[in-house]
Amino acid sequence: MIVLEQVVEDLQNDGFSLIPLVVSQADAIKTAFEAAGPFFRAPLSEKTRNKICEDCGYRPMGVEYSQSSDRPDAVESFTACSRTSASATTLESASARRLYERMLTVIDVLEPIAEALTIQ
């Protein structure tokens with residue numbers, strides 16, 4: 001159980017806070033990271049077939065956070081969103097579907113924490 005007042009105080013004073021998780025929450029995050037390994041080790045041709053929309057699924061290096069073509073984004077990413085959860089079945093590879101499902105579980109774990117902090 002997090003003490004919201006302490007987290008808010010840490011954020012205000014230090015700019016960050018460590019939020020302890022219960023085992024089930026930590027396990028959900030761990031399984032998402034474990035699912036990411038097989039997906040990101042796949043060939044680029046496979047990863048690029050796993051895009052749901054502009055905002056979700058796979059994004060190759062160079063397109064997400066770059067504001068200048070001379071400084072491309074050096075990180076590839078995979079994004080999940082609750083609003084597109086039904087579309088996860090359209091992902092072509094099993095590793096992408098597994099990653100997406102596990103990321104949705106992480107959203108379910110972290111969203112209540114973020115909401116409580118925002119309200120606090």
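Student: What relative accessible area does Glu34 have?
Tutor: This is a predicted model, where local features need pLDDT of at least 70, side-chain atom pairs count only at pLDDT 80 or more, and totals for chains, interfaces and linings use all residues. Numbering runs from 1 along each chain as its sequence is written, and side-chain values use heavy atoms, with hydrogens and water left out. Glu34 is partly exposed (buried is under 20% relative accessible area, exposed over 50%, partly exposed in between, with a 1.4 Å probe and protein chains only). Its value is 45%.

Student: Which residue forms a salt bridge with Glu34?
Tutor: Look about one helical turn away, since the two partners are four residues apart in helix 2. The closest N and O atoms are 3.9 Å apart, inside the cut-off (Lys or Arg side-chain nitrogen within 4 Å of an Asp or Glu carboxyl oxygen). The partner of Glu34 is Lys30.

Student: What pattern do the helices and strands follow along the sequence?
Tutor: There are four helices and two strands (DSSP runs numbered from the N terminus: H or I of at least four residues, E of at least two). Read along the sequence, they give α-α-α-β-β-α.

Student: Which residue does Lys47 meet in a salt bridge?
Tutor: Lys47 is in helix 3, and its partner is in the loop between strand 1 and strand 2, so the pair ties together parts 29 residues apart in sequence. Lys47 is buried at 6% relative accessible area, whereas the partner counts as partly exposed at 23%. The N to O distance is 3.0 Å, and the partner is Glu76.

Student: How many residues apart are Arg49 and Glu92?
Tutor: These two form a salt bridge with their closest N and O atoms 3.0 Å apart. Arg49 counts as partly exposed, at 42% relative accessibility. It's a link between distant parts of the chain, with Arg49 in the loop between helix 3 and strand 1 and Glu92 in the loop between strand 2 and helix 4, and the separation is 43 residues.

Student: How many salt bridges does a search of the whole structure find?
Tutor: Glu34 pairs with Lys30, Lys47 with Glu76, and Arg49 with Glu92. The count for the whole structure is three.

Student: Why is the pair of Phe39 and Phe40 called what it is, and what is that name?
Tutor: The structure holds five aromatic pairs (Phe, Tyr or Trp rings, Trp by its six-membered ring, with centres within 6.5 Å; planes under 30 degrees apart are stacked, over 60 edge-to-face, the rest tilted). In this one the ring centres are 5.2 Å apart and the planes stand at 85 degrees, so the pair is edge-to-face.

Student: Which of these neighbours is buried, and which partly exposed?
Tutor: Phe40 is partly exposed, with a relative accessible area of 26%. The buried one, at 0%, is Phe39.

Student: Which residues form one aromatic cluster with Phe39 and Phe40?
Tutor: Try Phe78 as a starting point: among the residues it touches (heavy atoms within 4.5 Å) are Phe39, Phe40, Tyr58 and Tyr100, not counting residues up to four places away in sequence. The cluster adds to Phe39 and Phe40 the residues Tyr58, Phe78 and Tyr100.

Student: Which element gives the most to the largest nonpolar core?
Tutor: That core (buried Ala, Val, Leu, Ile, Met, Phe, Trp, Tyr and Cys joined through side-chain atoms within 4.5 Å) has 14 residues, and Phe39, Phe78, Leu91, Ala96, Leu99 and Tyr100 have the most contacts inside it. Helix 2 and helix 4 are the elements that give two or more residues. The top contributor, with four residues, is helix 4.

Student: What covers the buried residues of helix 4?
Tutor: Helix 4 runs over residues 94-119 and reaches 37 Å from its first C-alpha to its last. Its buried residues include Ser95, Leu104, Val109 and Leu117. The cover includes helix 1, helix 2, helix 3, strand 1 and strand 2.

Student: What distance separates the C-alpha atoms of Phe33 and Arg102?
Tutor: Phe33 sits in helix 2 and is exposed, at 65% relative accessible area. Along the chain, Phe33 and Arg102 are 69 residues apart, yet their C-alpha atoms are separated by 8.6 Å.

Student: What share of the protein's residues counts as buried?
Tutor: Phe39 and Lys47 are two examples of buried residues. Out of 120 residues, the buried share is 32%.

Terms used:
The expected span of a helix is 1.5 Å times one less than its number of residues.
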